[in-house]
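Could you show me how to read a structure that is new to me, one feature at a time?

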Amino acid sequence: QVQLVESGGGLVQPGGSLRLSCAASGRTFSIYGINWFRQAPGKEREFVSAITWRGSSTEYTDSVKGRFTISRDNAKSTVYLQMNSLKPEDTAVYYCAAGGFGPVAAMHYWGKGTLVTVSS
């Protein structure tokens, strides 16, 4: 089993920044990728970004390219999502998921999510 705990969400004004963290524990050797998804009120969950657990591959959905950066600290078993130039449409619950890599891969483990609200 792998346990995932997200943190770092909160209320931020448009144009501001937040850094989300996803701390992994348990059988992390079984992880291939860590992915961030988000779900806005009344909308379906969507893929945001992904990073391989051991390599250097990353992927982003088009709407966050140039604004969000995903990174990994293996010593801390933690993946970060640096979010800059935030927009109201980025408001959502952000989830990290472990398993495959990318929007169509199978995810085997999910965190409980952290709420990001972008509002003035």
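The dialogue below goes from the overall fold to the core and then to single residues.

Q: Where should I begin, and how many helices and strands does the protein chain have?
A: A careful reader begins by recalling that this is a predicted model. The secondary structure comes next: the protein chain has 11 strands and zero helices, and from the N terminus on its elements therefore read β-β-β-β-β-β-β-β-β-β-β.

Q: How compact is the protein chain for its length?
A: One way to judge this is to set the radius of gyration against the globule rule; here the radius is 13 Å, close to the 14 Å that the rule gives for 120 residues, so the protein chain is as compact as a globular protein of that length. The C-alpha trace spans about 40 × 25 × 25 Å along its principal axes, and 45% of the 120 residues count as buried. Sequence separation adds to this picture, since among contacts between residues at least 6 apart in sequence, 54% join residues at least 24 apart.

Q: Which residues of the largest nonpolar core touch the most other members?
A: In soluble globular proteins, nonpolar side chains tend to be buried together. In this structure the largest nonpolar core has 28 residues, and those touching the most other members are Ile34, Trp36, Phe68, Leu81, Met83 and Tyr94. Several strands supply at least two residues each to this core, among them strand 1 (2–7), strand 4 (33–39), strand 8 (78–83) and strand 11 (114–118). A second core, separate from that one, consists of five residues, including Phe37, Phe47, Ala50 and Met107.

Q: Is Thr28 buried or exposed?
A: The cut-off to keep in mind is that buried means under 20% relative accessible area; Thr28, at 16% relative accessibility, therefore counts as buried. Thr28 lies in the loop between strand 3 and strand 4, and, leaving aside neighbours within four places in sequence, Thr28 is in contact with Val2, Trp53 and Arg54.

Q: What is Ala23 in contact with, beyond its neighbours within four places in sequence?
A: Ala23, which is found in strand 3, is in contact with Gln3, Leu4, Val5, Ser77 and Thr78 once those neighbours are left aside. With a relative accessible area of 34%, Ala23 is partly exposed.

Q: How many positive and negative side chains does the protein chain have?
A: When reading charge, one can consider both the counts and the placement: the protein chain has 12 positive and 8 negative side chains, and the centres of the two sets lie 7 Å apart. The accessible surface comes to about 6,200 Å², of which 48% belongs to carbon and sulfur atoms.

How values were computed: Residues are numbered from 1 along each chain as its sequence is written. This is a predicted model: local features need pLDDT of at least 70, side-chain atom pairs count only at pLDDT 80 or more; totals for chains, interfaces and linings use all residues. Side-chain values use heavy atoms; hydrogens and water are left out. A nonpolar core is a set of buried Ala, Val, Leu, Ile, Met, Phe, Trp, Tyr and Cys residues joined through side-chain atoms within 4.5 Å. Buried means under 20% relative accessible area, exposed over 50%, partly exposed in between (1.4 Å probe, protein chains only). Helices (H or I, at least four residues) and strands (E, at least two) are DSSP runs, numbered from the N terminus. The radius of gyration is taken over C-alpha atoms; the globule rule is 2.2 Å times the number of residues to the power 0.38. Contact means heavy atoms within 4.5 Å. Accessible areas come from the Shrake-Rupley method with a 1.4 Å probe; for residues, only the protein chains shown count as cover. Lys and Arg count as positive and Asp and Glu as negative; His and the chain ends are not counted. The place of a charge is taken as NZ of Lys, CZ of Arg, CG of Asp or CD of Glu.
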